[in-house]
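Grab a pencil and keep the 3D view open while you work through these exercises. Try each task yourself before you read its solution.

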Amino acid sequence: MTITDEDCLAETLAFNTQFATEAANRPRANPLDAVLLASLRRKRLGGSTPPVRLSQGQDRALEGGLKVRVFVPEQVDGVYLHFHGGGWTFGSADGQDVKLWRLAEQTRLAVVSVYYRLAPEHPFPAGPDDCEAAARWLVEHAATEFGTERLLIGGESAGAHLSVVTLLRLRDRQGLTGAFRAAQLLFGPYDLSMTPSQRSFGTEQLLSNTDTLRRTYELATPGMDAEQRRDPEVSPLFADLTGLPAARIVVGSRDPLLDDSLFLAARWQAAGAPVELGVVAGAMHGFTLFPLTVTEREQRRERDFLAATGR
């Protein structure tokens with residue numbers, strides 16, 4: 001494990017304090033409120049305005065009607081299959097065009113981001129089903145569509161969870177190992193029965209906390225209790241992780257999901273795959289959504305990893 005960005009700790013903690021203060025002054029929202037959910041889905045993750053859509057992003061429909069958003073740079077050295085965050089309930093493949101197009105240009109990767117179905121209208125396993133279908137399509141068609149078989153996978157928060165679930169499904173349901181050469185996993189929840197850091201984080205409003213995580217799991221996996229959420233198909237921390245590719249796992253030290261990344265990295269490495277684990281000093285959940293020094297650094301490290309790994 002590497003603790004990164006300690007020289008930025010003062011800036012990062014000051015932002016946390018400002019964010020928590022502003023969040024505490026907002027009315028408490030009901031996550032089941034349809035109007036609130038619709039509003040969240042219209043806005044940029046971490047912001048109060050709609051996301052910017054770039055002409056470089058092209059929506060495509062795959063077999064079965066599944067939609068993806070594709071960014072193709074002038075030179076393609078691989079393909080990055082991306083799953084967005086948003087607690088499985090909001091967020092969208094077209095919600096971060098600027099970041100994904102910059103990543104595509106600087107890494108020479110075609111980026112395929114998935115419009116997977118969202119809860120509560122489409123609870124588990126709808127989202128994982130869509131992500132598995134997109135991955136299968138890419139395994140079968142990447143060479144003809146993009147001229148390469150070098151495939152990478154990853155995402156943020158719920159998208160990181162879906163990335164691991166997809167790799168496990170490809171292995172266990174399709175008999176596919178090695179198709180994806182690396183995984184980029186940013187502050188993901190890997191135990192939906194709640195790790196110690198999730199349960200003990202408390203009520204501080206740093207984008208995510210104990211209460212919001214619990215409510216999110218209830219929306220995404222309705223009717224399940226904690227024991228049922230320990231099923232490896234729901235919580236990949238409990239799965240057999242053999243045969244998975246190299247991974248880069250990143251989390252902030254002030255994220256309630258800290259243990260999820262620490263535990264997953266240990267189990268991933270024990271299963272025999274290389275792991276790079278980074279803990280960003282003082283960073284809260286979703287820190288890369290905000291204009292911080294640690295965000296710039298993390299996005300640069302992410303691009304370096306994706307550009308170099310799996311060649």
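## Exercises on cavities, strands and backbone

**Exercise 1. Sort the residues that line the largest cavity into nonpolar, polar and charged.**

Step 1. Start with the split: the lining of the largest cavity has nine nonpolar residues, four polar ones and one charged one. Keep in mind that you're looking at a predicted model.

Step 2. Now ask how many cavities there are. Counting those of 30 Å³ or more gives three cavities. The largest cavity holds about 110 Å³ of space.

Step 3. Find the residues. The largest cavity has 14 lining residues, and the closest to its centre are W88, P123, F124, P128 and A220.

Step 4. Place the lining on the fold. Helix 4 (126-146) and helix 5 (158-174) are the elements that give two or more residues to the lining of the largest cavity.

A bit of background: rolling a probe the size of a water molecule over the atoms shows where empty space is left.

**Exercise 2. Describe the second largest cavity: how much space lies in it, and which helix gives the most to its lining?**

Step 1. About 60 Å³ of space lies in this second largest cavity.

Step 2. Go through its walls. The lining residues are L167, L170, R171, L176, T177, G178, A179, F180, G243, L244 and P245.

Step 3. Match them to the fold. Helix 5 gives the most to the lining of the second largest cavity, namely three residues.

Step 4. Sort by type. The lining of the second largest cavity has seven nonpolar residues, three polar ones and one charged one.

**Exercise 3. Work out the order of the strands in the sheet, and say which strands stand at its edges.**

Step 1. Trace the sheet across. The nine strands follow the order 1-9-8-7-6-4-5-3-2, and they make an open sheet with mixed pairing.

Step 2. Look at the two ends. Strand 1 (2-4) and strand 2 (57-61) each have a single partner strand, so one side of each has no neighbour in the sheet.

Step 3. Check how the sheet turns. From one strand to the next, the twist averages 20°.

**Exercise 4. Zoom in on strand 5. Which strand pairs with it in the antiparallel sense, and which in the parallel sense?**

Step 1. Take the antiparallel side. Strand 3 (residues 67-71) pairs this way with strand 5 (residues 109-114), over four bridges. Across this pairing, V68 stands opposite V114, and F71 has V111 as its bridge partner.

Step 2. Take the parallel side. Strand 4 (residues 78-83) pairs with strand 5 in the parallel sense over five bridges. Here V79 stands opposite A110.

Step 3. Recall a general rule. In a regular strand the side chains alternate between the two faces of the sheet.

Step 4. See how that looks here. From strand 5, L109, V111 and S113 point one way, while A110, V112 and V114 point the other way, and all are buried. That fits the tally for strand 5: six of its six residues are buried.

**Exercise 5. Hunt for unusual backbone geometry. Which peptide bonds are cis, and where do D5 and M194 sit?**

Step 1. Know what to expect. Most residues other than glycine have a negative phi, and most peptide bonds are trans.

Step 2. Scan for cis bonds. The bond from A119 to P120 is cis, with omega near 5°, and the bond from F124 to P125 is cis too, with omega near 10°. P120 is in the loop between strand 5 and helix 4, and P125 lies in the loop between strand 5 and helix 4 as well.

Step 3. Scan for positive phi. D5 isn't a glycine, yet its phi is positive at about 65°. M194 is also a residue other than glycine, with phi near 90°.

Step 4. Place them. D5 is in the loop between strand 1 and helix 1 (9-24), and M194 lies in the loop between strand 7 (180-186) and helix 6 (196-200).

Step 5. Apply the cut-off for buried, which is under 20% relative accessible area. D5 comes out at 7%, so D5 counts as buried. M194 has a relative accessible area of 7%, so M194 is buried too.

**Exercise 6. Find how many disulfides the structure has, then decide whether C8 and C131 are buried or exposed.**

Step 1. Remember the idea: a disulfide is a covalent bond between the sulfur atoms of two cysteines.

Step 2. Search the whole structure, and you'll find zero disulfides.

Step 3. Check the cysteines C8 and C131. C8 has 7% relative accessibility, so C8 counts as buried. C131 has a relative accessible area of 0%, so C131 is buried.

Conventions:
Residues are numbered from 1 along each chain as its sequence is written. This is a predicted model: local features need pLDDT of at least 70, side-chain atom pairs count only at pLDDT 80 or more; totals for chains, interfaces and linings use all residues. Side-chain values use heavy atoms; hydrogens and water are left out. On a 1 Å grid over the protein atoms alone, a cavity is a set of points where a 1.4 Å probe fits but cannot get out, and a pocket is an open set with protein on both sides within 12 Å along at least five of seven lines; lining residues have an atom within 4 Å of a point. Grid points are joined across faces, edges and corners, and a volume is the space filled by probe spheres set on the points. Ala, Val, Leu, Ile, Met, Phe, Trp, Tyr, Cys and Pro count as nonpolar, Asp, Glu, Lys and Arg as charged, and the others, Gly among them, as polar. A disulfide is a pair of cysteine sulfur atoms within 2.5 Å. Buried means under 20% relative accessible area, exposed over 50%, partly exposed in between (1.4 Å probe, protein chains only). Two strands pair if DSSP finds at least two bridges between them. Axes are lines fitted to C-alpha atoms, for helices over the stretch in contact, and angles run from 0 to 180 degrees between N-to-C directions.
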